[in-house]
Structure formats: C-alpha cells, structure tokens
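This report covers a pocket, a buried charge and two unusual backbone angles. Please read it alongside the sequence and coordinates.

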Amino acid sequence: MERTLVLIKPDGVKRQLIGEIISFYERKNLKISYLKMIKADREVAENHYIEHAGRDYFDKLIEYITEDKIVAMIIEGENAVKIVRKINGVTDPLEADMGSIRGKYGLSKQRNLVHASDSIESAEREISIWFSELKL
Ligand code: CDP
Ligand code: MG
C-alpha cells in the first residue's frame, strides 16, 4: 500500500481545522496510520524543506513551520501520494480548486494549511524525518 507524509501546518492547528482537514482524507477512504502533534524544531523543518534552501521565501517558511504546533501524519491508500496532493490543492490558495483544502480555507501562498509529499521517494524521506522513532 502506498503511503505519504502529511503535515497540518501551524495555521491549520491554530484555526481549529484539524478535524475538518483530516475528514477530507478519511472521506476519500484513505487511512491515517500514524498521527502526532508536535512543535517542529528548526533542524527538522530545514531538513524537511531542504530542496527550498536558498529561495527568497526559505527563512520565512522555516519560521512559519516552527512558530507553533503542527500535526504530522502518515496516510496510506492506493495512489495516496497523488490523491492527497489533489485533496490539498495547488500551493497558492488563489489558484487552488475550491473543492480542495487550500482552495476552501487557505489564506496565502505561504500560509496554506497543509503539506503533502510530492512523490513516493519524497514520502519515504519525509516519513523518516518526522517519524524517526518508528522503524518503518
Ligand atoms: O507545498 P507545495 O508542495 O504545494 O509547494 P512548494 O512549492 O513545494 O513550497 C513549499 C511551501 O513553501 C509551500 O507550501 C508554502 O508554504 C511555501 N512557499 C512560500 O511561502 N512562498 C512561495 N513562493 C512558495 C512556497
Ligand atoms: Mg512541495
């Protein structure tokens, strides 16, 4: 079964959208196999977003992800990587489909509520970062 790494970013937690967001995935019959609420430290956040290092938005992105608690999940299901990216919607909420999480609730290109792995390889890398305690 395919799996992917999802984060509910600090704005999603603070706006009390955890239940709403998780419902999108569950209603599509995806399975939440691991879930935890944590405050990310800088090192973990930078490793997670390493491919964005050097971009003009990088420092602000790391500040945002580490500003408050987030929810980290491993989600499983057939084609989970692609389906979860569709459910989340494209990066900029202004461009995202209104039926997606970002289209419906996102407020800016930065504060866009959720993260999901963009490939099976990214998913495995990100799962090992956020769930290093699990020998999966
Ligand atoms: O999250 P997604 O894969 O859709 O987008 P990305 O292009 O991989 O960027 C990662 C994250 O960086 C986004 O979700 C935004 O939170 C942030 N970002 C930003 O603040 N400003 C940008 N111009 C692009 C991305
Ligand atoms: Mg990305």
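What volume does the largest pocket have? In this predicted model, the volume of the largest pocket is about 550 Å³. Its lining consists of 21 residues, and those nearest the centre are Y49, H52, Y57, L61 and T91. Among the elements that each supply at least two lining residues are β4 (114–116) and α7 (120–130). The greatest share comes from α7, with three residues.

Helix α1 (residues 10–14) contains D11. The D11 residue is buried and has no salt bridge. R111, the nearest side chain of opposite charge, is 4.9 Å away, and this pair does not count as a salt bridge because the cut-off is 4 Å. The side chain of D11 does reach a backbone atom, the nitrogen of L113, at 3.2 Å. Apart from neighbours within four places in sequence, the contacts of D11 are Y64, R111, N112 and L113.

L113 also appears in the table below, which lists two residues that have a positive phi although neither is a glycine.

| Residue | Phi | Loop | Relative accessible area |
|---|---|---|---|
| N29 | about 70° | between α2 (18–27) and β2 (31–38) | 56% |
| L113 | about 75° | between α6 (101–105) and β4 | 0% |

Are these two residues buried or exposed? N29 counts as exposed because its relative accessible area is 56%, where exposed means over 50%. L113 counts as buried because its relative accessibility is 0%, where buried means under 20%.

Key: Residues are numbered from 1 along each chain as its sequence is written. Chains are lettered from A and ligands numbered from 1 in the order in which they are written. This is a predicted model: local features need pLDDT of at least 70, side-chain atom pairs count only at pLDDT 80 or more; totals for chains, interfaces and linings use all residues. Side-chain values use heavy atoms; hydrogens and water are left out. Helices (H or I, at least four residues) and strands (E, at least two) are DSSP runs, numbered from the N terminus. Buried means under 20% relative accessible area, exposed over 50%, partly exposed in between (1.4 Å probe, protein chains only). Lys and Arg count as positive and Asp and Glu as negative; His and the chain ends are not counted. A polar contact is a pair of N or O atoms within 3.5 Å; within protein, one must be able to donate a hydrogen and the other to accept it, and residues adjacent in sequence count only if both atoms are side-chain atoms. Contact means heavy atoms within 4.5 Å. On a 1 Å grid over the protein atoms alone, a cavity is a set of points where a 1.4 Å probe fits but cannot get out, and a pocket is an open set with protein on both sides within 12 Å along at least five of seven lines; lining residues have an atom within 4 Å of a point. Grid points are joined across faces, edges and corners, and a volume is the space filled by probe spheres set on the points.
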